[in-house]
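Please look over the chain shown here, and keep its sequence at hand while reading the notes that follow.

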Amino acid sequence: LDRPFLLDGLKSDIRIYVLVTSWHPLTVYQYGEGLARFATEPYTLDDIQGRCAHLTNYSLNKLSAGFVNDDSEASGSKWS
């Protein structure tokens, strides 16, 4: 993406869980909670090799000095 959508200068991804039980007729159930993950370093094109600025992968970012492990619902590097 030329200009990704950033939140506080960080890349993010959002997961919404659904269950599709039928295609005809279309029947979809959405789980009440989702998940948002955030990169741990500010996004920049100056350092294209900076994985923690470009990827939101939990296994990668948990090793970053900027990772915030917080179990509350809307803080840290992983929100639920």
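The report below moves from the overall fold to a strand pair, a salt bridge, a serine side chain and a surface patch.

## Overall fold

This is a predicted model, and every value given for it is computed from the predicted atoms. The chain contains 2 helices and 3 strands, and when it is read from the N terminus these elements follow the order β-β-α-α-β.

Of the 80 residues in the chain, 25% are buried. The chain exposes about 6300 Å², and carbon and sulfur atoms account for 54% of that area. Where contacts are counted between residues at least 6 apart in sequence, 39% of them join residues at least 24 apart.

## The hairpin of β1 and β2

Strand β1 covers residues 12–23 and runs antiparallel to β2, to which it is joined by 10 bridges; strand β2 itself covers residues 26–38. The two strands form a hairpin, with 2 residues between them. One of the pairings can be followed by residue, since I14 has A36 as its bridge partner in β2.

## A salt bridge between the strands

How many salt bridges does a search of the whole structure find? The search returns 1, and R37 forms a salt bridge with D13 in which the closest N and O atoms are 2.7 Å apart. The pair links distant parts of the chain, with R37 in strand β2 and D13 in strand β1, 24 residues apart. The side chains of R37 and D13 also qualify as a polar contact, again at 2.7 Å.

Are the two partners buried or exposed? R37 has a relative accessible area of 14% and therefore counts as buried, because the cut-off for that class is under 20%. D13 has a relative accessible area of 19%, so D13 is buried by the same cut-off.

## S22 and the residues that follow β1

S22 lies in strand β1, and its side chain makes polar approaches to the backbone of two residues, H24 and P25. A polar atom of the S22 side chain lies 3.4 Å from the backbone nitrogen of H24, while the S22 side chain reaches the backbone oxygen of P25 at 2.8 Å.

With a relative accessible area of 21%, S22 is classed as partly exposed, because buried means under 20% and exposed means over 50%.

## A nonpolar surface patch

Which residues make the nonpolar surface patch of about 760 Å²? The patch is made by I14, I16, V18, V20, W23, L26 and V28. Strands β1 and β2 each supply at least two of its residues, and the largest share, 5 residues, comes from β1. I14, which belongs to the patch, is also the residue whose bridge partner in β2 is A36.

V20, another member of the patch, is placed in strand β1. Its relative accessible area is 36%, so V20 is partly exposed; this value also satisfies the patch requirement, because patch residues must have over 30% relative accessible area. As background for reading residue positions along a strand, side chains in a regular strand alternate between the two faces of the sheet.

Definitions and conventions:
Residues numbered from 1 in each chain as written. Predicted model: local features only at pLDDT ≥ 70, side-chain atom pairs only at ≥ 80, totals over all residues. Heavy atoms only, no water. Helix = DSSP H or I, 4+ residues; strand = E, 2+ residues; numbered from the N terminus. Buried < 20%, exposed > 50% of the residue type's maximum accessible area, 1.4 Å probe, protein only. Polar contact = N/O pair within 3.5 Å; in protein donor to acceptor, adjacent residues only side chain to side chain. Pairing = 2+ DSSP bridges. Patch = residues over 30% accessible without salt bridge, like charges linked within 9 Å, V, L, I, M, F, W, Y side chains within 5 Å. Areas by Shrake-Rupley, 256 points an atom, 1.4 Å probe, with all protein chains shown as cover. Salt bridge = Lys/Arg side-chain N within 4 Å of Asp/Glu carboxyl O. Contact = heavy atoms within 4.5 Å.
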